[in-house]
Amino acid sequence: MENQKQVRVMTGNEACAEGAIVAGCRFFAGYPITPSSEIAEILSYLLPKVGGKFIQMEDEIASMGAIIGGSLAGAKAMTATSGPGFSLKQENLGYASLAEVPCVVVDVMRGGPSTGLPTLPSQGDIMQTRWGTHGDHPIIVLMPSGVREVFELTVRAFNLAERYRVPVVLLMDEIIAHVSEKVTLPDVSELEIVERTKPTIPPEEFLPYQMTESDIPPFVSFGEGYRYHVTGLVHDETGFPTNNNEEINRFLNRLNRKVIRYKDEIIELENEKDEGARIGIFSFGSTSRSARQAIAMARDKGIKIHSIRTKVIWPFPDEQILEMAENVDYIIVPELNFGQVAHEVEWASRGKCEVIKINRVDGEPINPLQILETIEKLASK
Amino acid sequence: MEKTKKLHKIEIIEELCKGCDICVQFCPFDVLAMNGPVVEVVNLEKCTACGLCELHCPDFAIIVTKNK
Amino acid sequence: MFNYEKYLRMDKLPLIWCAGCGDGIVLKSMLRAIDRTGLSKDEIAMVSGIGCSSRLTGYVDFNTLHTTHGRAIAYATGIKMVKPEMTVIVVTGDGDATAIGGNHYIHAARRNIDLTVILFNNHIYGMTGGQVSPTTPGGFFASTAPYGNQDNAFNISGLAQAAGASFVARGTVYDAVKLDRMIEKAILKKGFSVVEVMTPCPTAFGRRNRLGNGAKMIMDLKKVSVSVEKAAKMEVEELNDKIVTGILMDVDKPEYTERYLKLMEKLQNQSK
């Protein structure tokens with residue numbers, strides 16, 4: 001890899017594929033679907049050149065299964081899809097979550113439900129990324145809002161997956177995936193790349209699902225002398241199925257705690273507060289681009305704004321939202337769906353302010369003027 | 001003088017035996033028989049240590065040792 | 001006397017399977033076959049799906065992976081791609097591999113990826129209580145075929161042959177010695193290999209169809225088994241209700257991960 005900053009014109013899908021290579025992704029399994037296919041196409045070209053493997057599987061389900069197998073065998077692994085495919089991945093995504101197999105799943109959102117609007121953007125999968133697979137489970141979901149950020153967050157997705165032994169969803173939408181932007185890529189040598197830590201204890205002492213102080217068990221790949229069992233059944237520290245109430249409790253509590261307790265390390269957001277602002281805006285993904293423009297226009301008109309733009313949607317930045325809610329009268333939530341995140345903001349703000357939804361579901365981005373109009377209306381109240 | 005025949009050894013591990021009857025059916029010489037929930041050796045002197053019972057026991061519950 | 005303990009997680013015994021179930025016979029045959037290959041335990045990944053037979057991976061001391069229903073071959077494909085030097089063995093059943101996982105089964109065969117699939121065919125969904133499976137013969141009863149099965153059954157070995165496998169064999173738990181040889185050959189074969197094993201489910205299939213206990217069902221396998229050599233000299237009609245056993249296919253052709261490694265090597269040399 002080049003060891004200096006590169007200036008490039010590229011799309012979000014290209015940035016994602018190249019970010020994956022830089023992050024150390026060496027296995028990709030996928031299935032064609034609009035608007036994510038370019039990620040697979042680019043990786044089919046790049047991976048074999050850098051000693052990685054690419055395979056186009058027979059379906060979305062198989063792709064998800066294959067990356068779990070690939071990850072267990074020792075490779076940083078990824079798949080990419082869009083809504084209908086993401087629905088199919090839920091079964092094995094739950095497996096990765098329960099069996100604590102690091103992997104990255106890219107979901108480029110298009111309009112839904114069902115086949116929906118294959119070529120048009122949406123943010124309709126946000127709740128599905130959180131609760132798409134059955135049962136309570138940990139997951140981390142990142143939402144980039146520009147091409148350079150796609151690159152950075154793709155690298156971060158792998159780092160988080162490896163660090164917390166959890167599937168990480170990189171949640172883009174069609175706008176971010178297909179927009180071409182001039183970007184200055186970060187100096188690769190300065191990027192933090194998290195690698196799997198090999199165990200220091202001998203195989204006979206190794207517990208694949210050990211209760212450790214960190215809540216994150218050590219992780220060893222298959223074929224390295226630590227023979228162990230991995231199952232989608234609820235298991236004890238040894239990795240074997242259990243029906244013991246205490247063991248079940250201990251495991252499921254640890255599993256669900258391990259992301260929440262590191263929330264502060266995981267959540268990454270921009271928090272810009274004008275002193276005395278009565279109006280807040282919470283934005284993410286492509287809609288934060290519309291929000292940014294509207295905020296600039298509002299500030300030009302002398303309206304003070306408290307803006308939070310998050311790059312991590314799950315775990316949810318509820319504390320930051322509560323802090324904002326305590327100081328503003330309104331939080332505007334623009335999103336390309338009927339209000340999936342607004343509900344979450346309502347919960348996080350605990351009635352301390354009013355949550356104003358701006359929604360659009362017709363396949364077009366939200367116009368900054370529409371947000372500005374709402375801001376002005378609220379400012380005059 | 002009658003020559004005393006050396007007997008082979010058949011070990012039944014009762015904790016593992018599920019009493020499925022498979023070994024009994026495979027034994028060519030009726031050495032084994034069901035006794036309630038587990039199998040038992042009823043005719044050891046007829047055993048030729050052919051090993052068919054051990055080979056087909058699905059539960060690792062029977063071990064035949066040839067007496068040399 | 002074979003030392004099974006070398007390969008077993010002894011503390012997990014007794015096996016979960018019912019009295020008279022043939023799955024344990026297949027398990028033992030697999031261990032004997034693996035022993036003959038001389039492979040070390042660390043080199044072997046054993047991957048299973050969901051169902052009775054798929055519980056096998058919990059008992060054996062390899063790198064074991066008990067996956068989701070039907071998906072074992074997909075997970076195994078990922079392992080084999082990333083670590084082609086590992087021997088990857090898939091343990092699956094008729095429902096797991098040819099109903100919910102049918103797509104993965106035929107496509108792995110098409111790719112000719114070096115996986116060995118040991119497919120336990122007991123003609124029924126045992127673990128969920130005896131529902132009709134893709135290999136339940138017509139007219140037989142199942143909990144979801146209370147009036148007799150109206151469906152046609154898959155020939156699952158034939159499916160693998162048609163889809164592009166390198167090695168396909170069919171054995172029975174009656175003839176465990178022959179089964180050992182088939183499994184050994186399948187593991188050593190470079191390419192997609194399937195060993196379909198006919199094994200009785202007395203609890204969910206036998207009882208409902210008045211086939212007797214597991215022991216009787218195994219003895220009956222002998223009566224309906226015909227070797228592939230003998231079958232070649234028989235009329236098609238004579239083979240109705242018979243099980244043709246032996247090596248059904250054994251061909252040499254390029255294997256998927258080998259091809260991919262060659263491609264990688266070529267590309268990496270070009271960029272030097």
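1. Let's start with a term: a salt bridge is a side-chain nitrogen of Lys or Arg within 4 Å of a carboxyl oxygen of Asp or Glu. By that rule, the interface of chain B and chain C has zero salt bridges. Keep that in mind for the points below.

2. Some housekeeping. This is a predicted model, where local features need pLDDT of at least 70, side-chain atom pairs count only at pLDDT 80 or more, and totals for chains, interfaces and linings use all residues. Residues are numbered from 1 along each chain as its sequence is written, chains are lettered from A and ligands numbered from 1 in the order in which they are written, and side-chain values use heavy atoms, with hydrogens and water left out.

3. Back to chains B and C. Here 17 residues of chain B are in contact with 28 residues of chain C (contact means heavy atoms within 4.5 Å). About 1,800 Å² is buried between these chains, 70% of it from carbon and sulfur atoms. Buried area is the accessible area (1.4 Å probe) that two parts lose on being put together, summed over both. On the chain B side, the biggest losers of area to chain C are B:Lys18, B:Leu55 and B:Phe60, together 37% of what that side buries.

4. What about polar contacts? Chains B and C have five residue pairs of this kind, both residues at pLDDT 80 or more. A polar contact is a pair of N or O atoms within 3.5 Å; within protein, one must be able to donate a hydrogen and the other to accept it, and residues adjacent in sequence count only if both atoms are side-chain atoms. Helix H1 (22-26), helix H2 (52-56) and strand E4 (62-65) of chain B each give at least two residues to the side touching chain C. Helices (H or I, at least four residues) and strands (E, at least two) are DSSP runs, numbered from the N terminus.

5. Now look inside chain A, which is split into domain 1 (6-190) and domain 2 (270-379); the bounds come from an automatic or database domain assignment. Their C-alpha centres lie 26 Å apart. Domain 1 puts 27 residues into the contact and domain 2 puts in 25. Between them they bury about 2,000 Å², 56% of it on carbon and sulfur atoms.

6. How many salt bridges link these two domains of chain A? There are three. A:Arg309 forms a salt bridge with A:Glu149, with the closest N and O atoms 2.6 Å apart. The domains also share 17 residue pairs in polar contact, both at pLDDT 80 or more.
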